[in-house]
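Grab a viewer and work through these exercises with me. Each one has a task and then a solution in steps.

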Amino acid sequence: MEFDALHLDYRPIEVLIPYARNARTHSDGQIAQIAASIAEFGWTNPILIDGTNGVIAGHGRLLAARKLGLTAVPVIELQHLSEHQKRAYILADNQLALKAGWDEELLAVELADLKLAGFDLGLTGFDDAEVQSLLEKLVEGDSSADDEVESDAADDIPETSIRSVTQTGDLWFIEHAGLTHRLLCADAGDMTAVSRLAGFGKASLCFTSPPYASQRLYTLSRTGPGANDAAGQWDAMMQSVCAALPTVLQPDAQVLINLGLVHQDCEVQPYWDDWMAWMRANGWRRFGWYVWDQGPGLPGDWNGRLAPAFEFIFHFNRQGSDMRRPNKNVPCIYAGKDTHLRGDGTSAGGMRNKDGSKTAWNHVGTLTQDSKIADSVLRIMRHKGKIGQDIDHPAVFPVALPQFVLECFTRAGDTVFEPFCGSGTTLLAAQKTGRHCHAVEIAPSYVDVALNRFLQNHPDARITHADSGEDFKERLARLESETDAVKSQAQTQPQTQTQNQPQKVAA
Ligand SMILES: C[S@@+](CC[C@H](N)C(=O)[O-])C[C@H]1O[C@@H](n2cnc3c(N)ncnc32)[C@H](O)[C@@H]1O
């Protein structure tokens with residue numbers, strides 16, 4: 001069959017004529033959702049029109065475009081349809097789409113990942129109640145997975161996806177330009193596993209971003225205290241990971257942990273409260289509390305709230321204020337000038353004492369210093385775009401964020417600990433700033449992502465397995481060729497079967 005090539009065109013919005021007998025209805029709410037979708041994703045689906053600007057499909061998109069105040073819209077002109085075909089297609093375009101179903105488990109995983117990435121799920125067209133119910137099913141399904149009865153081996157679908165190069169328990173050495181990073185595939189709360197890293201030296205900083213609240217239940221442990229409730233699971237995970245910190249950190253180390261807000265039942269959930277209390281009881285003071293300003297909020301209907309544009313960074317340590325102080329790494333704009341000094345050499349600015357007198361500046365008579373301590377608001381644009389070729393992770397930091405924290409709290413040659421490595425952003429920041437990184441990631445496939453991402457950024461890096469000495473790239477190539485062999489075997493098998501079956505006679 002041959003079809004005419006389609007041509008995309010733009011038409012002024014006022015020339016388009018909606019079909020007077022359009023039986024499909026659009027509520028105001030749905031039009032607002034379509035408008036939000038166009039604002040977020042841009043045009044992804046042109047309006048279909050006939051040869052005289054009559055709308056065949058896309059009435060909702062046209063109304064949404066009007067709502068957005070657009071003056072022109074993308075159209076595809078379908079001149080080849082007869083009058084009856086056109087009227088039938090107006091129905092078919094809507095009705096055929098309704099016949100598709102959803103794989104609810106995959107749908108819930110997609111929604112959970114998008115939610116973790118901070119995406120406004122309202123833009124997917126699902127309402128709050130639908131999302132909630134799907135996510136609940138995901139949690140139920142996940143916890144029951146362990147109880148599944150043994151399945152018949154004959155029902156097993158041959159494994160054709162590419163296997164993870166990394167296996168749980170693997171420790172990789174990443175060597176590049178005089179630095180050595182180490183990435184361990186393990187639960188960062190497994191003290192025995194994590195203590196392997198301590199053998200290579202202790203870190204002076206931990207900077208990390210755990211899963212927020214219960215958003216990624218499938219990576220959490222299903223055993224141990226609180227295993228049966230999501231909040232308890234999160235507490236248990238955080239407690240076990242933080243209990244391992246003294247093993248891998250120097251006594252005067254700083255610990256900075258990024259967490260975002262979570263809303264549930266129309267309220268902000270202070271899901272960190274119990275864990276914070278545990279931290280305090282275990283000698284970790286909440287020393288500082290910073291805000292990560294992620295840049296302008298994204299378009300979307302944020303369930304009645306203002307668009308989210310920040311997250312928190314909690315700063316803990318165990319020693320007094322005589323411990324290591326942040327580096328003065330931000331240049332002062334008045335460096336070397338004396339504009340802040342009065343005639344008597346004291347500071348013209350500064351706070352007043354209770355009696356109204358000026359507090360003496362403790363660098364009396366000195367010119368403005370060259371650099372200062374960074375602000376407690378970290379103004380760093382959120383991550384945008386892809387992290388590399390054929391690799392992805394749902395919750396990626398911009399490299400500039402760990403880079404900033406490393407530059408504030410460590411010196412070149414120091415080691416930083418990253419217990420929730422994800423896609424390996426902290427590894428890249430450590431390389432960029434001349435620090436070593438000791439990292440842990442529970443999911444073998446994300447360890448692969450982090451290593452591939454490192455290699456895509458630093459193709460000359462050497463990545464070797466700590467125990468076998470095997471090269472990561474060589475192991476990857478070996479597994480890929482094994483997978484290709486399995487795939488081609490799987491493809492040839494059904495063909496052999498059909499050859500033995502009676503052949504259909506072509507109609
Ligand atoms: C919020 S993401 C971190 C993303 C990271 N900052 C980046 O830029 O890619 C959290 C990561 O922690 C991992 N994780 C969850 N529980 C863990 C555990 N107990 N031990 C180690 N890693 C864990 C998840 O698989 C996920 O990749």
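**Exercise 1: a strand with two covered faces**

Both sides of β17 are covered: His436, His438 and Val440 are buried on one face, and Cys437, Ala439 and Glu441 are buried on the other. Keep in mind that this is a predicted model.

Task: work out why β17 counts as largely enclosed by the rest of the structure.

Solution.
- Start with the general pattern: side chains in a regular strand alternate between the two faces of the sheet.
- Next, apply the cut-off: a residue is buried if 20 or more other C-beta atoms lie within 10 Å of its own.
- Now count: 6 of the 6 residues of β17 pass as buried, so the strand is largely enclosed by the rest of the structure.

**Exercise 2: the neighbours of β17**

Task: find which strands are joined to β17 by 4 bridges, and in which sense they run.

Solution.
- Take β6 (residues 179-185) to begin with: 4 bridges join it to β17, and the two run parallel. Here Cys185 sits opposite Glu441.
- Then look at β16 (residues 415-418), which is also parallel to β17 and joined to it by 4 bridges. In this pair, Phe417 has His438 as its bridge partner.
- Finally, trace the chain from β16 to β17: the path goes through helix α11 (residues 425-433), making a right-handed β-α-β crossover.

**Exercise 3: what surrounds the ligand**

Task: describe the shell around the ligand, by residue and by element.

Solution.
- The shell holds 23 residues, and the closest are Phe397, Phe420, Gly422, Ser423 and Thr425.
- The elements giving two or more residues to it are α7 (230-243) and our old friend β17 (436-441).
- Sorted by type, the shell comes out as 14 nonpolar, 7 polar and 2 charged residues.

**Exercise 4: an open sheet**

Task: work out which strands stand at the edges of the sheet with the order β1-β4-β2-β3.

Solution.
- The sheet is open, has 4 strands and shows mixed pairing.
- β1 (8-12) and β3 (55-57) each have a single partner strand, so one side of each is left without a neighbour in the sheet: these are the edges.
- From one strand to the next, the twist averages 50°.
- For the pairing of β2 (residues 47-49) with β4 (residues 72-77), look for 3 bridges in the parallel sense. Ile47 stands opposite Val75 there.

**Exercise 5: one alanine**

Task: is Ala65 buried or exposed?

Solution.
- Locate Ala65 in helix α2 (residues 59-67).
- Ala65 has 23 C-beta neighbours inside 10 Å, so it counts as buried.
- Beyond neighbours within four places in sequence, Ala65 contacts Ile13, Ile38, Leu70 and Val73.

Notes
Residues numbered from 1 in each chain as written. Predicted model: local features only at pLDDT ≥ 70, side-chain atom pairs only at ≥ 80, totals over all residues. Near = placed C-beta within 6 Å. Nonpolar A, V, L, I, M, F, W, Y, C, P; charged D, E, K, R; others polar. Pairing = 2+ DSSP bridges. Axes fitted to C-alpha atoms, helices over the stretch in contact; angles between N-to-C directions. Buried ≥ 20, exposed ≤ 12 C-beta atoms within 10 Å, placed from the backbone. Right-handed = clockwise from strand over helix to strand, strands pointing away. Contact = placed C-beta atoms within 7 Å.
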